Amino acid sequence: MKSLDLDVFLCRTDNFGVLVHDPETNLTASIDAPDADAVIKAAERRGWTITHIFTTHHHTDHVEGNLALKEKYDCEIIGPINEAVAIPGLDKTMADGDSFEFGEHTVNVIETPGHTAGHICYHFVDDKVLFAADTLFALGCGRLFERSAADMWHSLQKLAVLPDETAIYFGHEYTLSNARFALTIDPDNERLKSRAADIEAMRAEGKFTIPTTLAMEKETNPFLRAADPSIRRNLLMESRTNEEVFAEIRKRKDNF
Ligand SMILES: [Zn+2]
């Protein structure tokens with residue numbers, strides 16, 4: 001099995017577009033469709049034809065290009081069963097635990113309610129690649145629009161058990177602000193301090209911070225580290241549950 005080719009580009013203001021191309025079958029999936037023109041431009045630059053859109057959730061900045069891309073390519077749109085009514089042009093729904101083949105590549109669907117009620121992530125199992133959209137960001141997590149902090153914490157735990165080397169592609173370039181916030185929660189974390197310095201330098205040079213790895217996030221992302229003794233001490237929440245610590249971190253980020 002040949003490895004997938006990925007093309008990452010910026011759309012709108014801070015959304016990432018990602019194309020996933022299988023060189024064996026010539027299938028090309030757009031992960032969400034933030035902006036049809038940007039997706040078409042990226043595909044044409046690579047000489048790829050869009051055959052699929054893998055929708056993660058119903059927010060406009062993830063689905064606005066669906067119908068225009070379908071019109072142009074007659075591509076198949078796959079998306080979350082629990083947001084089916086809100087996703088333009090949807091052809092096939094996916095629920096938690098479903099899996100399907102993209103060429104010879106197996107894709108597992110992981111439902112991660114929190115940011116929205118039915119958000120799904122796409123895990124390319126053999127390739128060790130996860131498309132986490134607005135559930136897990138580099139050093140951050142999605143805002144809680146439709147589900148509780150406890151729900152989001154449990155969703156993040158479903159991602160945290162994937163292999164450490166999993167490459168994570170996320171929905172927005174929010175990493176610099178996330179890094180500055182993370183330092184307020186986990187100020188003694190040496191790995192975080194050095195990563196934050198790297199991120200300051202990358203963003204100053206206009207470089208994207210995508211992808212990250214699960215190992216890196218487990219070491220530095222406060223939203224995966226609610227059980228960490230040093231963070232709990234810092235928040236004066238040593239005897240509280242992980243869900244409560246996570247909720248406090250999320251609340252602080254909303255006001256950061
Ligand atoms: Zn969103």
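This briefing covers a zinc site and the strands around strand 3 in a predicted model. Three histidines and one aspartate, namely His-57, His-59, His-115 and Asp-134, coordinate the zinc ion. Strand 3 spans residues 27-31 and pairs with strand 2 in the antiparallel sense, while strand 3 and strand 4 run parallel.

**Zinc site**

- The zinc ion is held through NE2 of His-57, ND1 of His-59, NE2 of His-115 and OD of Asp-134, at 2.1 to 2.3 Å.
- The angles among the four donor atoms run from 88 to 172°, and the site is irregular. Four donors count as tetrahedral only if all angles lie between 85 and 135 degrees.
- Along the chain, the donors show the spacing H-x1-H-x55-H-x18-D.
- His-57 lies in the loop between strand 4 (52-54) and helix 2 (60-63), and Asp-134 in the loop between strand 10 (129-133) and strand 11 (136-137), so this pair ties together parts that are 77 residues apart in sequence.
- Both His-57 and Asp-134 are buried.

**Strand 3 and its partners**

- Four of the five residues of strand 3 are buried, which leaves the strand mostly covered.
- Five bridges connect strand 3 with strand 2 (residues 15-22); Leu-19 has Ser-30 of strand 3 as its bridge partner.
- Four residues separate the two strands in the hairpin of strand 2 and strand 3, where Asn-26 adopts a positive phi near 65°.
- Strand 3 is joined to strand 4 by three bridges, and His-52 of strand 4 is the bridge partner of Ala-29.

**Crossover**

- A right-handed β-α-β unit is made by strand 3, helix 1 (residues 36-46) and strand 4.

Key. Residues numbered from 1 in each chain as written. Predicted model: local features only at pLDDT ≥ 70, side-chain atom pairs only at ≥ 80, totals over all residues. Heavy atoms only, no water. Donors = N, O, S within 2.8 Å, 3.2 Å for Na, K, Ca; no water. Tetrahedral: all angles 85-135°; square planar, octahedral: opposite > 155°, others 65-115°. Buried < 20%, exposed > 50% of the residue type's maximum accessible area, 1.4 Å probe, protein only. Pairing = 2+ DSSP bridges. Right-handed = clockwise from strand over helix to strand, strands pointing away.
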